[in-house]
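Student: I'd like a close look at one part of this model rather than a quick tour. Could you pick a residue, walk me through its surroundings, and then set it against the rest of the chain?

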Amino acid sequence: MDLVGKRVLHKAKFGEGIITSFADNRITVKFDSDEAIRLFEYPTCFQSFLELIDENAATAMQSVIAENEKAKRERQEKQHQEVEARNFQRRLQEQERSAVRGGKAIVLRPFPTVNIFCEQYEKTLIAEITYLKTNGGKRQRIFDGKLIENKNGSYIYSFEADCELNYPDGTQITLWSGTSSIPASIVNCEDFTLVISSATDLSRDVSSIEFSAEPWRLINSLIERLNHLKDTASMPIVQALVCDGFKKIQYGKEITKGQENACQTSLSQPITFVWGPPGTGKTETLAKMALKHISQGERVLMLSYSNVSVDGAIMRVDKLDSNKRAGKLVRYGYPRNKELLQHSYLTTYNLALHNHPDLLKERTGLTVERNGVSRASPRYVEIGARLAQIRAHLAEEEKASVRSASFVATTVSKAVVDKVIYEGKFDTVIFDEASMAYIPQIVFAASLASKHFICMGDFEQLPPIVQNSSDSILNANIFQYCGITSAVEAGHSHEWLCLLDTQYRMHPLIADFASINMYHSLLRSADNMERERSAITHSLPLFDQPLGIADLSGMMSVCTQTTDSSRINPLSALMAFGLALQVADKYDVGIITPYNAQSRLLHAMARDAAEQCPALRPISCATVHQFQGSEKDVIIYDAVDCYRQRFPGTLLTSTNNNYANRLFNVALTRAKGKFVAIANVSYMENKGLSTSLMFSKLINRYKHTPQSIEGSEFTKAFLNPDYPCYQWINAQNGTELFISDLIDAKREIRIDIPAEMSCVDIVIGKIYTALKQAKNSGVKVVIRAEDKSTLPNELKPFTIENKYTANPITLIDRQIVWFGEPLSNANFKSEGTVLPTRYRPIIRFDGKHTANSLYGFLEMNRTVDQGTLSSEQDCENDGATFAAFVASNMRCNECGKPLKLIKTKGKFFLGCSGYPACKSSGMITVDLIEKYFSSLGKFGKHCPQDHTSLEAKLGPYGVYVQCCGLARHKFKLDEI
């Protein structure tokens, strides 16, 4: 703007004048009233001192001033962002230094190139493979197999397991039938159910079979895919994802929020991250995004970690699609959803049959015909050949449907191994449950997208499952890698990020607790959630309270470590299941626990309840990992940890990568209307539970309030009508019913008494009479006491001493479980202080699955009387070694010379002393070691550290020896 010669007015002092020069953001003015030339800064002088007299010039100057102000604000914002960025980087560096010093946190920074990324992660994946091959591969037994479907030459079976199995969908396994091995793959792991696919017909029903898993095969395939990503200059999405995440942090800006914004962002930029906390409509958003991209003529690939997620996504896309046609949307792979299995064309297999009804008709006819033809007949061979041709043709049709579909949904495991996916061409790739996937899986998925890549997940929930090391970079998720997690924690936004901030699942009080403690107060509830969840809230347990605790303080809730280093707490399990029964007649209930062993015990209770009470809704019992992605009306959280464990376990307390809080967050946010945590609060407080933990905050907030059940209040809580499987019994009536059960015993009675009995003499007399009659009738009677000398003399003939007896439990005929009978005076001792037991609940549970689980977990078959062992017997046993026993008692079948114990590469076997002339050898069996123990006399051999008996066991890597104590000391064969 030319200002020289323009007239101006100085309002305050000098009056009118004329601009004489304009240069370098300075103007000079000669005022009429003054001979001096005065200098002013431009353009700020027109905001403060001067006014242009010319109206048009004044209007133009206002625009200049506005532009100047805008530029000034932008400079200030840029300076502010630079300061924030420097502070952010300093915090990150300090966190990294702290992580290196403490050795606890994952240090993760973006790689400068895709090549370096691939090379580094290949090394990390190889380390995971090595660990899995070294420590995995053990055989596990599954049972009650049912043929679900025979699909195109693949036989799909559903099996039950005694424990939870955590294998990725698509994991290769080997089935073992005798000495025969059968290749198969895992379709799905869910709770205690395993669905597998095999090309071999195992018959319609399979009572039981063993399998060994080979998850490293999937990782090997992932490494192959990474090798194809090197030198990917032509893949800008991969390049940006690997290298530019931290560059996209928007310092000081608010996070983009909402479903509509998520959809628009996914259309407008190459990379989008959708952060979907629990109940925020993530699947609905995914479906809307997919349809918007399809409407623009794009091909969309949807991937996820699990089959369940893939099924849910395609069903929701189909529901929202107003322009349905066969072949537009396809599910590739084996689905779990029953509705999807029955859909005429949404799965690629059903679509192939839909398009070729003639082949379906021919296949059905040939199958029926073959059933009536002799296997030796030439016609049988002809039919088999034709069926093979039909299978091959249908398989090709499936692949063709994938190539032509607008939307393809499958698992990332299948995408990694199947050429029709990883060599396919897709415009947009959507990856659901991204926070649970390995970062290399995410980057591989991004390489399949030519236009848009969308990551969906919640980085405040479960991280990837890594077996090798807790500080491996595989434990980190893609949100962390791209700087999104760090940005959110520091209060910043990210260019790629959109948050779904409104939840439609939980009662607002549950959601608020999660929001404050995990979601930086960003999560809010839909307006009507409190009203929608009011019916559940008004139910038991904790009537009218959506969130609370059940406190086992003052009770003998003993936590015991199992042989596989998990933990169980029988009373805690019984109390948790009792609370679940309060509401299971009306609502869906889940019991979540951190420990696999406790989940197995609770699952056994649920099986017994389902068999005896068919009117009840099924009660789901599992660890947190099995509940990811699901929801229940009511969640009971069983914390398990208590005395006699020195400290709570890492699943409750680990702050590494915020692991314990993530687990608890998943458990909490499964609940729609009610969440009750059951724990021994005094134990947690005595052990100094970190105040940064969500679980600790819940306890501190609700203990000793109307939102808690404590002590005698449990009796009121269990006043509901008894179920056949579960009875809460008062002390007056309990003893008579207990004695009646003893009298009715048919096979065995096993009683654990952890301290001196508190029964009156007349009751002791009745118990003695019942046990004596049972034994005279051929019933096996065993009492195990922590201290045999404290028991009444009448019961000592039935009793052996086991100082690790911890729970007041009786098992009758492996069917009836009594907790709290016979009555005892057991108390906890903590750091030299006696903690008196104030409440002694008595519970009767009728169920064979529960009884057998407790029998195994408590090792009630351990009946060596430890009270009779002495130091003299210790010395007597120490002189005879297993090696000497072998040399004295074992002869070679070939030459007759003595055998000897040989150790090679850490493994033991029997070899002939005549070697090398005789090269005969043999395996060491459990029976052989037990014979050695028996040869040492009635006390066998025992552990020198805790004086418990030694036993031989067969593990996945052969025979080993361990003691029967809680510490489970292990010994090599040349050490006994």
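Tutor: Here is a walk around one serine, followed by a threonine and some charged pairs. Keep in mind that this is a predicted model.

Let's start with Ser-435, which sits in the loop between strand 18 (426-432) and helix 15 (439-446). Its relative accessible area is 2%, and since buried means under 20%, Ser-435 counts as buried. What does its side chain reach? The backbone oxygen of Asp-458, at 3.0 Å. Asp-458 also turns up among the contacts of Ser-435 beyond its neighbours within four places in sequence, along with Phe-459, Leu-462, Pro-463, Pro-464, Asn-477 and Phe-479.

Now hop over to Thr-285, in helix 7 (residues 282-295). Thr-285 is buried too, at 0% relative accessibility. Its side chain has a polar atom 2.8 Å from the backbone oxygen of Gly-281. Skip the neighbours within four places in sequence, and Thr-285 is in contact with Gln-259, Ala-262, Cys-263, Met-456 and Leu-500. As for Glu-260, its C-alpha is 8.2 Å from that of Thr-285, with the two positions 25 residues apart in sequence numbering.

The charged pairs are worth a look as well; the structure holds 31 salt bridges. One of them joins Lys-230 and Glu-122, at 3.9 Å from N to O. That pair links distant parts of the chain, 108 residues apart: Lys-230 is in the loop between helix 4 (216-227) and helix 5 (236-243), while Glu-122 belongs to helix 3 (residues 114-135). Lys-230 is partly exposed, at 25% relative accessible area.

Another salt bridge pairs Arg-379 with Glu-369 at 2.8 Å, N to O. Arg-379 is in helix 12 (residues 378-404) and Glu-369 in helix 11 (residues 357-371), so this bridge ties together parts ten residues apart in sequence. Both ends are partly exposed, with Arg-379 at 33% and Glu-369 at 32%. Then there's Asp-244 with Lys-247, at 3.2 Å, where Lys-247 counts as exposed at 62% relative accessibility. Arg-7, Glu-16 and Asp-32 go beyond a pair and form a salt-bridge network.

Stepping back, the protein chain has 976 residues, of which 55% count as buried. It contains 34 helices and 46 strands. Among contacts between residues at least 6 apart in sequence, 70% join residues at least 24 apart. On the charge side, there are 112 positive and 109 negative side chains, and the centres of those two sets lie 4 Å apart.

Key
Residues numbered from 1 in each chain as written. Predicted model: local features only at pLDDT ≥ 70, side-chain atom pairs only at ≥ 80, totals over all residues. Heavy atoms only, no water. Helix = DSSP H or I, 4+ residues; strand = E, 2+ residues; numbered from the N terminus. Buried < 20%, exposed > 50% of the residue type's maximum accessible area, 1.4 Å probe, protein only. Contact = heavy atoms within 4.5 Å. Lys, Arg positive; Asp, Glu negative; His and termini not counted. Charge placed at Lys NZ, Arg CZ, Asp CG, Glu CD. Polar contact = N/O pair within 3.5 Å; in protein donor to acceptor, adjacent residues only side chain to side chain. Salt bridge = Lys/Arg side-chain N within 4 Å of Asp/Glu carboxyl O.
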